Amino acid sequence: MSETRQFCSFYLDHLLFGIESQKIQEVVAYRELRPVPLAPAVVSGLMNLRGQVVVAFELRRQLELAERPANITPVCLMVRSDQGTVCLLADEVGSVLEVEEKTFEPAPETLSPRLRSLILGVHKLEGRLMHVLDTERACETGSN
Amino acid sequence: MNENDDIVKEFLVESHENLDRLDRDLVELEKHPSDREILASVFRTIHTIKGTSGFLAFGKLESVAHVGENLLAKLRDGQLSLHPELTTALLAMVDAVRQMLASIEAVGNEGERDDQKLIAELTRLLTAGSAATTAASPRSRKAKAGTGTKPVPKEKTVSESPASISASEAGPAQPVTPAGDSESQSLGDILISRGEATPGEVLLAVAEQQAGDPRRVGEILVEQGAVKSQEVLEALRAQQSQAHAQGASESTIRVDVGLLDQLMNLVGELVLARNQILQFTKKTEESGLVTAGQRLNLIASELQESVMKTRMQPIGSVWSRFPRTVRDVALSCHKQVRIQMEGQETELDKTLIEAIKDPLTHLVRNAIDHGIELPEARRAAGKDPEGVLLMRAFHEGGQVNIEISDDGAGLNLQKVVQKAVQKGLITSDHAARMSEREMANLIFAAGLSTAEKVTNVSGRGVGMDVVKTNIERIGGTVDVQTTTGKGTSVKIKIPLTLAIVPALIVTSGGQRFAIPQVSLLELVGLDGDQARQGVELIHGAPVYRLRGRLLPLVHLKEVLKTGGAVDGTPLEASSQAGEPDGARDGFERVNIVVLQADGRRFGLVVDEISDTEEIVVKPLGRHLKHISVYAGASIMGDGKVALILDVLGLAQSSSIVAETHERARAEQEQARVQDSDLQKLVLFAGRAGSRMAVPLSMLARLENIPGAHVERSGNQWVTQYRGQILPLIRISHALEERRNMERAADILTLPTSVNLQVLVLENQGKSFGLVVNEILDIVESGSGPQSPPTRPGVLYSSVIAEHVTELLDVPAILSAGESYDPLESNAAGQAGS
C-alpha cells in the first residue's frame, strides 16, 4: 500500500528523466528562442509564452550531456519554479508515469558529480531507471 | 487572533491612511489654530483609532490615543489653544501610534514599549494648558465654545442624513418588486417633496404596482391624473442626478496591486494578439474582418490606456507627508519655512511614486537645512524671514517634471568647485571652463558629497549622489540651478510609467534590441567615405568627431561578444552575424546611436536602426539579472522577444573594456602636458573677412535654419526650435558694428530666402541662436598672445589658426540681445559696459 506519485517523463540523450507532474505547467512545441548574448551557456534564450517572457534552459548543457543532434527538435517543458515559470528543453516527452514511492532510491555515487547534483534520486522502474530532476537546481545558472 | 486577522488588516490600512492625513492636518492646524474643521477631522481620526484599538484589545495603543483624544477634545472645545509645544507632543503621539501600528503589522502586537513618558507629557499639557488658557488668554473662541462642547456623535449623524421622508411608508413594498420599488420610492418622494403629488396618491400607485401592474409608478400616476407627465420627467431627472451624487462617494474601491499587475500583463498579451490579427487582416479582402479588426484595435488601445491609469496615483500621496517633514526639520534648524505645493494631482505610476519618495525627502531636507537661511540672515538680506519651499509637479512631453525650489541663499559655486578640485573630481583647468550650470551640478558628483559632511559649503552635498542615482535608476534626470542670494531649484524629470516606455529598435548581429528613448541623444549615419574616414582610432579605441567633440564609440557586437570571431556563447545567430562591422573594416554604412548615461556620452555602433516603438517592459528574472547590459525584455509586434539594453550598464561594461585604452591615452596625454591649456573654439566669419570665435563648451548645436522659419516676436527675431522659442541674434547687431550701420534696415533685410547658419548657444540655462555669416572650423587653441578687446562683447583678440580672431563674450552678448530694442538709441543695446 505504498504511496504513488505521478511523474512526467522525458528523454535526454537516451536517458529517462522525470519531473513531478504537478510541477509541470504545460508542454509546448519548440519555438524560436531569442538568444541572450553574454548569458551563461545553459541559457538557450528567451521565449514568448503568451505574452510572458520565459527563460529557456538547455538541460543537455546543464547536465553536461552531448549536444543535441541537429535532427532532433527539442520540446519545451514549462515548469513552475521559485522564480516563476521557466522553460526546460528536452529531447522528447514520454508518458505520465505513476510510480510507487518505494521504488525510489537516492542517486548512486557512480553517477557523474554534475548529474548527481541535479537529480534528487532515481526510481527503479521495470527494466530501466528514471532520474528525478531537481527542477530548482536545473534552472540555476551557477552565477547566483 | 486568526478570525480577527481580516479586521486587523483593515484597521491597519485605514489607520495608515488616517495617520498620513493627521500629520498634514496637525501642521495645517498650527498655522490656523482656530480652524474648527481641521480640528474636528483630527479629533475624529484619533477617536476612530482609539475606539477600534480598544475593540481589538490593543491596550497600549488605546491608552496613548486616549490621552491624545482628551487633549484634542479640549482644543476643540476651546479650553486649550494650540502652541508649538502642544503640536510637537501631538505629533509625537501620532508617531507612537504609527510605530505601534507598524509593530502590529509585523508581529501582531504593539511590541515592547513604554509610553508612560509620552502619556505623562500629554497629560501635563492637558492640565497645564487648560489652566493657562483660562487664566491668561481668554480668547474669543470661548464665545463660540457653547456650540463646540457637544461631543462627537455630530459627524456620525451626517452620513445617515439622506434618509427619505416616506421611507417607512414605502418600506414594506421592498420585497415584492425590488427594481420598480426602489424607483417608486424615491420618485414618489421627489414628487411629494415638490408638492406635485400627495403621499396618498403615491401609496396608491405603489400598491397598484404591487398588485401586478407592470407599469412604472410615474406612468400610473400620470394615468390617474395625479400629476402631469412633465412633472414626472423633471422628478426623474432629479432622481438621476441624486443617483450620480451618491455614486461619487461609493465610486472608489481598494484593489490589490497584484491584481492590477496581472491585468496589465493580460492587456499586454491582448495587444500582442491584436497586432497579430491586424497583420492577418491586412492580407484579407473580407471587409467584415477588417472592420472587426479595426474595432479590436481601438478597444485594445483604450483598454491598455485605462489599465495604465489604474496604476496611476497622484503625486500628492507622497507629498502629503512633507509638511510634517518641513516642520520638523525647520524647527530643529531654527528656521521658518513655509511649504507650497502645486500640481499635487499630477499622476504617475505607483512603482515610481515609491521610488521617488526617498530622493524627494532628501531634497526637501537639504533645501531647508542648507538652502534656506536663518531668519536673521534673511531679514538682513531683505527677504521675508519665513523661507518658502516650493514643490511643483506637472506633466510635460510624456514625462513628469518635479521641481523643488527654495528662496534661500543659493549655492556657493566657487566653494563647490574648489571642493571638487580639491577632491580631484575635476582639474582646475576644467573648472575654469565650466559653465555655472555645470558647476551647480557638481553637487551630484559622488566624491563631493560623501566627503566631510558639513563643510558649510552652503553644502547640499550630503548624499546628493544617491538622489541622482536613484532618479536615474528609474530613467529620470535631475538638474540643479542656482542663483546666488535668490535660491536653488532642483528639477527632476521622470517617465510617467516604467511599464511602457518609448524605445528605439536597433538591430545588431541579426537580433533586435530596444534602447529606452530617455538616454537617446541623437542618431548619426555615416555613408561611404564618411564611414571610412569618420571613425578614427586612439590606441585602438574607436572615436568619432561629433561636431568637433570626440565621441567614444562602442560596438554593440563587441560588448555582447556576438561578433563573428568571438564565441562560446550559444548563438544560433552567430553564424549569420559573422559579417564584420562596417566601421572597423571601413566600408558600408555606420550607424551610431549617441547615448548618454551617467553624464557620459558615447556612441553605440549598431548594424541597423529601425524605428521607435512603445514597448512593454518585462523583467528578465533572477537568472539573467546579473547581466548588467540588459534592462529587461519586451515582446515585439510579431511576437518575438527583444532584449532591452541598459545604457548605464553598457557604458560601464564597455569602459571596463576600454580601460586599457584609457591608460594608453593617459600616457599619450602626458607627452603633451600643455594640452590642458587648450580650449576648443568654434570659428566663424565676421564682417569683411574678420574672424571670430566662441568657446565650444557654450555651443549646444550648429543649426541650419531656413529663412522661412524665422518669425518676428515683438522686437526680436525668433524661430521655433525643439518646442521652444529661440531668440535669434545677429552677430553684427550684437557687436558694436551696428552703430555704423543702418540697423533698422538690416533687420528688415534679415534674409528669409536663404538658410541661416545659427550657433545655438547656451548660457545659464538659456538658449539663443547667434546668426553668423559662415561657420569656418572647430579648432583647439592654446593660450597664445592676447590683446585687449577693441569693443564691447569681445573678451580679447588672439591669434587662432594663424589669423587674428576675436573671442566673443557670450554672456555679454546675450544680455545685450535681451535688452536690445531697435527703436531705442544705439547706446541702449550695449553689453554690460
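# A guided tour of the predicted complex of chains A and B

Select residues 819-833 of chain B: pLDDT, the predictor's confidence in each residue from 0 to 100, stays under 50 over this stretch. The model nevertheless has 24 contacts for residues 819-833 beyond four places in sequence, a contact being two residues whose C-beta atoms, placed from the backbone, lie within 7 Å. Where pLDDT is low, the predicted coordinates should not be read in detail.

This is a predicted model, in which local features need pLDDT of at least 70 and side-chain atom pairs count only at pLDDT 80 or more, while totals for chains, interfaces and linings use all residues. Residues are numbered from 1 along each chain as its sequence is written, and chains are lettered from A and ligands numbered from 1 in the order in which they are written.

**Confidence**

Colour chain B by pLDDT; the average is 72, and 74% of the residues score at least 70. Helix α7 (residues 154-160) of chain B has the lowest confidence in that chain, at a mean of 37, and strand β18 (residues 641-645) of chain B the highest, at 91. Here helices (H or I, at least four residues) and strands (E, at least two) are DSSP runs, numbered from the N terminus. Residues 738-748 of chain B also have a pLDDT below 50, with eleven contacts beyond near neighbours in sequence. For the complex, the predictor gives an ipTM of 0.87 and a pTM of 0.47.

**Where the chains meet**

Display both chains. In this interface, 22 residues of chain A are in contact with 27 residues of chain B. On the side of chain A that touches chain B, the elements giving two or more residues are β4 (43-49) and β5 (52-58) of chain A; β4(A) provides the largest share, five residues. By class, this side of chain A has twelve nonpolar, eight polar and two charged residues. In this classification Ala, Val, Leu, Ile, Met, Phe, Trp, Tyr, Cys and Pro count as nonpolar, Asp, Glu, Lys and Arg as charged, and the others, Gly among them, as polar.

**Two loops of chain A**

Most residues other than glycine have a negative phi. Select A:His14, in the loop between β1 (4-12) and β2 (15-20) of chain A, where phi is near 65°. A:His14 is exposed, with 8 other C-beta atoms within 10 Å. Then move to A:Leu38, in the loop between β3 (24-29) and β4 of chain A, with a phi near 75°. A:Leu38 is partly exposed, with 17 other C-beta atoms within 10 Å. A residue is buried if 20 or more other C-beta atoms lie within 10 Å of its own, exposed if 12 or fewer, and partly exposed in between, with C-beta atoms placed from the backbone.

**The five-stranded sheet of chain B**

Next, show the open sheet with the order β2-β4-β5-β7-β6 (chain B) and mixed pairing. Two strands pair if DSSP finds at least two bridges between them. The edge strands, each pairing on one side only, are β2 (337-342) and β6 (477-483) of chain B. β2(B) pairs in the parallel sense with strand β4 (residues 387-396) of chain B over six bridges; B:Val337 has B:Gly387 as its bridge partner in β4(B). Helix α16(B) packs on this sheet, touching β2 and β4 of chain B, and its direction makes about 160° with that of β2(B). Axes are lines fitted to C-alpha atoms, for helices over the stretch in contact, and angles run from 0 to 180 degrees between N-to-C directions.

**A helix pair**

Keep α16 (residues 322-332) of chain B and add α17 (residues 350-371) of chain B: they pack at an angle of about 35°, with axes 10 Å apart. Residues to select include B:Phe322 and B:Val329 of α16(B), and B:Val364 and B:Ile368 of α17(B). The contact has six nonpolar, two polar and two charged residues.

**Successive hairpins**

Finally, select β22 (residues 710-713) and β23 (residues 716-721) of chain B, which pair in the antiparallel sense over four bridges. B:Ser713 stands opposite B:Gln716, and B:Gly714 in the turn of this hairpin has a positive phi of about 60°. Five bridges join β23(B) to the antiparallel strand β24 (residues 724-730) of chain B, with B:Thr719 and B:Leu726 as bridge partners. In the turn of the hairpin formed by β23(B) and β24(B), B:Arg722 has a positive phi of about 50°. β24(B) also pairs in the parallel sense with strand β26 (residues 766-772) of chain B over three bridges, and B:Ile729 stands opposite B:Leu770 in β26(B).
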